[in-house]
Amino acid sequence: RPNPGPEPGPMVSAASGRPEEVETIRARMPGRVLRVMVRVGDGGEAETDLVVVEAMKMENRIRSPHRAQIVKIPVQPGDTVARGDPLVCLKRTLTDG
């Protein structure tokens, strides 16, 4: 069987690379939100855990693709999400240096 390669990261939309633009992290597959690990206003580094979604009996940690501040969280624990549904909206923050 051929190797399918690495699993893709979270779906991100509206990423222009400009820090003031809001990006939306979307569900990669249908599932149920188990935990929301951040709150609106929180800031975090790249790879910060944002949401845990159960899909196909596995827990999938959705992480920030870069340093960012949380702007909106349209889901809460117990919500069912479809592929492409918004999970977290964030705004890229500039790195030091």
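Arg 63 comes out as partly exposed in this predicted model, at 34% relative accessibility. Its side chain meets that of Asp 49 in a salt bridge, with an N to O distance of 2.6 Å. This pair ties together distant parts of the chain, since Asp 49 sits in strand 5 and Arg 63 in strand 6, 14 residues apart.

Asp 49 also has a salt bridge with Arg 61, here at 3.0 Å from N to O. Again distant parts of the chain are linked: Arg 61 belongs to strand 6 and Asp 49 to strand 5, with their positions twelve residues apart in the numbering. Arg 61 counts as partly exposed, its relative accessibility being 39%. Through shared partners, the salt bridges join Asp 49, Arg 61 and Arg 63 into one network.

Turning to the loops, Glu 45 and Arg 67 bring their side chains together in a salt bridge of 3.3 Å, N to O. Glu 45 lies in the loop between strand 4 (43–44) and strand 5 (49–55), while Arg 67 lies in the loop between strand 6 (58–63) and strand 7 (68–72), so the pair, 22 residues apart, links distant parts of the chain. As for solvent access, Glu 45 is partly exposed with a relative accessible area of 46%. Arg 67 has a relative accessible area of 24%, and it too is partly exposed because the value falls between the 20% cut-off for buried and the 50% cut-off for exposed.

Overall, the structure contains five salt bridges, among them the Glu 45 to Arg 67 pair and the two that involve Asp 49, with Arg 61 and with Arg 63.

Terms used
Residues numbered from 1 in each chain as written. Predicted model: local features only at pLDDT ≥ 70, side-chain atom pairs only at ≥ 80, totals over all residues. Heavy atoms only, no water. Salt bridge = Lys/Arg side-chain N within 4 Å of Asp/Glu carboxyl O. Helix = DSSP H or I, 4+ residues; strand = E, 2+ residues; numbered from the N terminus. Buried < 20%, exposed > 50% of the residue type's maximum accessible area, 1.4 Å probe, protein only.
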